Amino acid sequence: AGVFGCLALGAGLGAVVHGFVWTAVARTRLWMPIYFFLALTVALFVSVAPYDARRYSTSRKTLPFLFAAALAFFAVTQIGKGTFLWFVAYELVATLVALAIYTYLAFKRRVAGAWLMTLGISLTMVAALIQATKRLAWGGPVPVNSDGIFHLVQIVAVIVLVAGLRRGLISPVDETSGVRAL
């Protein structure tokens, strides 16, 4: 729930920033909480992968490190230049870790929904690449730049991720082994 709450807050503030004209100072101030919520979203999302791989105790042990990484990223955005590229780098490292874990779990067939998680994470990475390169756009009745394409791909990625999470949550767990049935 925390990951979706942080995602919703960051997305809502993002809509406010992108939807209106702001002074440079106001825009900078509005981006502060956006980066904070995005950092927490990524950390909480990544914390699910160790849970699926090794259960609660491992996930709980990784949380302080993930929160420290989120706070470090947030600090960099407050003192550095090119803050969005820092976010792309932070998200890339975090999602590569989650992608590796879910790919492993999918091949080992240990978690129902792992293939959907792998696909959703891959789509998220493609979306970030589209946005970071600023190369794609399409014209037509409603022209869309790379930021718009990012959001369209990200919508699909979130739907796939939610489907993967849901599939993993509704699968029965073998109490003796802790492995979810496929």
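Is Asp-147 buried, partly exposed or exposed? I start there this morning, and since what we have on the screen is a predicted model, please take every value I quote as a computed one. Asp-147 has a relative accessible area of 23%, and because buried means under 20%, this residue counts as partly exposed.

The side chain of Asp-147 meets that of Lys-134 in a salt bridge, with a distance of 2.8 Å from N to O. Asp-147 belongs to helix α6, whereas Lys-134 sits in the loop between α5 and α6, so that the pair, 13 residues apart, links distant parts of the chain. In general terms, side chains of opposite charge can pair when their charged atoms come close. A search of the whole structure finds one salt bridge, and for Lys-134 there is also a backbone detail to record, namely a phi near 55°, which is a positive value in a residue other than glycine.

Let me stay in that loop for a moment, since Leu-136 is also placed between α5 and α6. With a relative accessibility of 44%, Leu-136 counts as partly exposed, and its C-alpha lies 9.6 Å from the C-alpha of Gly-148, a residue 12 positions away in sequence.

Now to the overall layout. The protein chain contains six helices and zero strands, which gives the order α-α-α-α-α-α when read from the N terminus. Of the 182 residues in the chain, 38% are buried.

Two pairs of residues show how parts of the chain that are separated in sequence are placed in space. Val-88, in helix α4, counts as buried because its relative accessibility is 17%, and the limit for buried is under 20%. The C-alpha atoms of Val-88 and Leu-129 are separated by 8.4 Å, although the two residues are 41 residues apart along the chain. In helix α5 we have Leu-119, which is partly exposed at a relative accessible area of 43%, and whose C-alpha is 7.7 Å from that of Ala-157, with their positions 38 residues apart in sequence.

Which residues come closest to the centre of the largest pocket? The pocket itself has a volume of about 1,200 Å³, and among the 39 residues that line it, those closest to the centre are Leu-7, Leu-38, Phe-87, Phe-150 and His-151. The helices α1 (2–19), α2 (24–54), α3 (56–79), α4 (83–108), α5 (114–133) and α6 (146–170) each supply at least two residues of this lining, and α2 gives the most, with 10 residues. By residue class, the lining of the largest pocket divides into 22 nonpolar, 13 polar and four charged residues.

Finally, I would like to turn to the surface, where Trp-138, Leu-152, Ile-155 and Ile-159 form a nonpolar patch, with about 410 Å² of accessible area together. Ile-155, one of the members of that patch, lies in helix α6, and at 48% relative accessibility this residue counts as partly exposed, because exposed would require over 50%.

To close where I began, Asp-147 is partly exposed, and its side chain is joined to that of Lys-134 by a salt bridge.

Key
Residues are numbered from 1 along each chain as its sequence is written. This is a predicted model: local features need pLDDT of at least 70, side-chain atom pairs count only at pLDDT 80 or more; totals for chains, interfaces and linings use all residues. Side-chain values use heavy atoms; hydrogens and water are left out. On a 1 Å grid over the protein atoms alone, a cavity is a set of points where a 1.4 Å probe fits but cannot get out, and a pocket is an open set with protein on both sides within 12 Å along at least five of seven lines; lining residues have an atom within 4 Å of a point. Grid points are joined across faces, edges and corners, and a volume is the space filled by probe spheres set on the points. Helices (H or I, at least four residues) and strands (E, at least two) are DSSP runs, numbered from the N terminus. Ala, Val, Leu, Ile, Met, Phe, Trp, Tyr, Cys and Pro count as nonpolar, Asp, Glu, Lys and Arg as charged, and the others, Gly among them, as polar. Patches are made of residues with over 30% relative accessible area and no salt bridge: like charges are joined within 9 Å, nonpolar side chains (Val, Leu, Ile, Met, Phe, Trp, Tyr) within 5 Å. Accessible areas come from the Shrake-Rupley method with a 1.4 Å probe; for residues, only the protein chains shown count as cover. A salt bridge is a side-chain nitrogen of Lys or Arg within 4 Å of a carboxyl oxygen of Asp or Glu. Buried means under 20% relative accessible area, exposed over 50%, partly exposed in between (1.4 Å probe, protein chains only).
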